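Let's go through some of the labels people attach to a model like this one and check each against its cut-off. Here is the structure to look at while we talk.

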Amino acid sequence: MTTVSEIAPDLFRISTFVPDFNLQFNQFLLRDEEPLLFHTGPRGMFAAVRDAVATVLDPATVKWIAFSHVEADECGSLREWQQLAPNATAVCSLVGKLVSVDDCMAVRPALGMNDGEVLSTGKYRFRFLHTPHVPHCWEAGLLFEETQGTLLCSDLLHQSGDVEPSTQADVLERCRQVLVEYQQGPLANYLPYSTLTEPTLQRLAALQPKTLATMHGSAFVGDGARALRDLAVVLKEVLGPQS
């Protein structure tokens with residue numbers, strides 16, 4: 001079942017729970033003059049996500065289709081979305097555009113963004129943050145909506161289960177449990193821990209986001225800076241070098 005919840009003004013969380021994975025797959029839809037969809041979901045979820053978008057606005061009017069990195073749940077149905085929405089342009093890092101997206105993902109050339117560039121959708125402004133290998137992949141990037149203070153943070157703060165759309169409760173223990181569980185099986189090293197991890201999370205914390213909109217699990221509403229700094233500690237403890 002796919003649900004739609006408004007987690008910030010004009011920002012809607014579209015969520016599909018997959019029991020076999022005990023996991024929610026979330027997309028985020030911004031209603032504005034130029035609507036933006038962050039994450040497409042896997043190709044197999046296209047119809048469900050499209051129908052959910054239609055409860056908020058006409059899917060054919062989506063202008064921007066953004067994502068962090070090249071992965072099925074991030075941009076697996078990009079082609080289907082661009083065929084449905086004739087003016088839709090993919091938004092990703094410049095690295096993503098040059099290395100993968102224009103060649104094998106997008107119907108039309110993507111907007112490849114450099115670190116710090118801003119995309120305006122009307123009354124909202126999204127600052128692009130190039131975050132190589134955070135959460136993962138060379139081309140990774142995130143979007144920070146400056147008007148409301150929402151960080152679209154991809155796989156950061158990943159939580160399992162069919163959880164609430166948003167919460168003000170601490171989600172770090174949920175995240176820790178996922179990382180520890182994944183390290184015991186075939187999904188080990190899901191998030192890399194590198195020399196870039198700590199400084200990138202501290203840079204994100206400095207933005208002082210009010211909402212952390214994660215791909216998997218509840219959006220966290222509250223002191224986003226503290227949550228990101230705490231996440232840096234969790235990642236180091238679970239994934240960092242062991243003494």
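Q: Why does glutamate 164 count as partly exposed?
A: First, keep in mind that this is a predicted model. Glutamate 164 has 30% relative accessibility, and partly exposed runs between the 20% and 50% cut-offs, so glutamate 164 gets that label.

Q: What makes glutamate 164 and arginine 174 a salt bridge?
A: Their side chains meet at 3.1 Å, N to O. The cut-off is 4 Å, so the pair qualifies. The two residues link distant parts of the chain: arginine 174 sits in helix α5 (residues 172-182), and glutamate 164 in the loop between β11 and β12, 10 residues apart. Arginine 174, at 25% relative accessibility, is partly exposed too.

Q: What does the salt bridge between glutamate 237 and arginine 176 tie together?
A: Parts that are 61 residues apart in sequence, because glutamate 237 lies in helix α7 (residues 224-239) and arginine 176 in helix α5. As for the label, the closest N and O atoms are 2.8 Å apart, and that is within 4 Å, so salt bridge is the right term.

Q: Are glutamate 237 and arginine 176 buried, exposed or in between, and how do you know?
A: Glutamate 237 is at 43% and arginine 176 at 26%. Both values fall between 20% and 50%, so both residues are partly exposed.

Q: Which residues do salt bridges with shared partners join into one network?
A: Asp10, Arg31 and Lys123. The structure holds 12 salt bridges.

Q: Why is threonine 150 called buried?
A: Its relative accessible area is 2%. Buried means under 20%, so threonine 150 fits. Threonine 150 belongs to strand β11 (residues 150-152). Beyond its neighbours within four places in sequence, threonine 150 touches Ala8, Leu11, Leu143, Phe144, Glu145, Thr211 and Ala213.

Q: How do you know that the buried residues of α1 are on the same side?
A: The buried ones in helix α1 (residues 46-53) are Phe46, Val49, Ala52 and Val53. They cover an arc of only 135° around the axis, and that puts them on the same side of α1. Among the elements covering them are β1, β2, β3, β4 and α3.

Q: What makes arginine 50 and aspartate 51 a salt bridge?
A: The N to O distance between their side chains is 3.1 Å, which is within 4 Å, so the term applies. Aspartate 51 is partly exposed at 44%, and so is arginine 50 at 29%.

Methods
Residues are numbered from 1 along each chain as its sequence is written. This is a predicted model: local features need pLDDT of at least 70, side-chain atom pairs count only at pLDDT 80 or more; totals for chains, interfaces and linings use all residues. Side-chain values use heavy atoms; hydrogens and water are left out. Helices (H or I, at least four residues) and strands (E, at least two) are DSSP runs, numbered from the N terminus. Buried means under 20% relative accessible area, exposed over 50%, partly exposed in between (1.4 Å probe, protein chains only). Contact means heavy atoms within 4.5 Å. The arc is that of the directions from the helix axis to the C-beta atoms.
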